[in-house]
Amino acid sequence: MPFKYEDMRARILANTVIAPVETTFRGSPCWWWIGARAANGRYGKLSERSKKQVQRYIKGVLKTARKNKHRLAHRVARAVFKGEVFRRGHYACHMCNPHPNRTLCCNPDHISPGTPRQNNRQTVAEGRHRLPN
């Protein structure tokens, strides 16, 4: 099956829209993801075709297929546009807060790597932290 986009950069740009003027960070607008979303509905996702083939039985017939890897769109955007891959255990902290659609932002300039502790402190400092009832 031929690919719809020439590369991952074109795919990300095709699945984002430039947000309204009021959602900027340091003068650059948010890129809101309009493609598929993760199961929780808060983050954009995309799938990467794997070179690894998987064999499984479907209705009693052995089928060979490629296994797709699902990735969060904002993490892939940061890696593609900035060449920066997040280390294991690190979060992608959205700096374009406090807009409600901040988790859909894929602008690599608005995303920075951080530890879970840094992300929690940012959440509390911006007043987005929810306390249990």
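**Salt bridges, a pocket and a proline**

Glu 84 is partly exposed, with a relative accessible area of 30%; here buried means under 20%, exposed over 50% and partly exposed in between, with a 1.4 Å probe and protein chains only. The structure is a predicted model, in which local features need a pLDDT of at least 70, side-chain atom pairs count only at pLDDT 80 or more, and totals for chains, interfaces and linings use all residues. Residues are numbered from 1 along each chain as its sequence is written, and side-chain values use heavy atoms, with hydrogens and water left out.

The side chain of Glu 84 forms a salt bridge with that of Arg 78, at 2.7 Å from N to O. A salt bridge is a side-chain nitrogen of Lys or Arg within 4 Å of a carboxyl oxygen of Asp or Glu. Side chains of opposite charge can pair when their charged atoms come close. Unlike its partly exposed partner Glu 84, Arg 78 is buried, with a relative accessible area of 10%.

The structure holds two salt bridges. Another pair is Asp 109 and Lys 82, whose side chains also meet at 2.7 Å, N to O. Asp 109 sits in the loop between β7 and β8 (111-114) and Lys 82 in helix α2, so this pair ties together parts that are 27 residues apart in sequence. Both ends are partly exposed: Asp 109 has a relative accessible area of 43%, and Lys 82 is at 42%.

Helix α2 also contributes buried residues, namely Ala 73, His 74, Val 76, Ala 77 and Arg 78. After α2 comes Gly 83, with a positive phi near 70°.

The wider fold comes next. The protein chain has three helices and eight strands; helices (H or I, at least four residues) and strands (E, at least two) are DSSP runs numbered from the N terminus. Their order from the N terminus is α-β-β-β-β-β-β-α-β-β-α. Of the 133 residues, 31% count as buried. Among contacts with a separation of 6 or more, 49% join residues 24 or more positions apart, where contact means heavy atoms within 4.5 Å.

Pro 29, in strand β3 (residues 28-29), is partly exposed at 27% relative accessibility. Leaving aside residues up to four places away in sequence, Pro 29 touches Ile 18, Ala 19, Thr 23, Thr 24, Asn 107 and His 110. Pro 29 and Asp 109 lie 80 residues apart in sequence, with 9.5 Å between their C-alpha atoms.

The largest pocket encloses about 500 Å³ of space. Its lining has 20 residues, and the closest to the centre are Arg 42, Tyr 43, Asn 119, Thr 123 and Arg 128. The elements α2 (73-82), β7 (91-94) and α3 (116-125) each give two or more residues to this lining. By class, the lining has six nonpolar, nine polar and five charged residues. A pocket is an open set of points on a 1 Å grid over the protein atoms alone, where a 1.4 Å probe fits, with protein on both sides within 12 Å along at least five of seven lines; lining residues have an atom within 4 Å of a point.

Confidence varies along the chain. The mean pLDDT (the predictor's confidence in each residue, from 0 to 100) is 81, and 81% of residues reach 70 or more. Among the elements, strand β4 (residues 31-33) has the highest mean, 91, and strand β5 (residues 45-58) the lowest, 69. Where pLDDT is low, the predicted coordinates should not be read in detail.

Methods. Points joined across faces, edges and corners; volume = space filled by probe spheres on them. Nonpolar A, V, L, I, M, F, W, Y, C, P; charged D, E, K, R; others polar.
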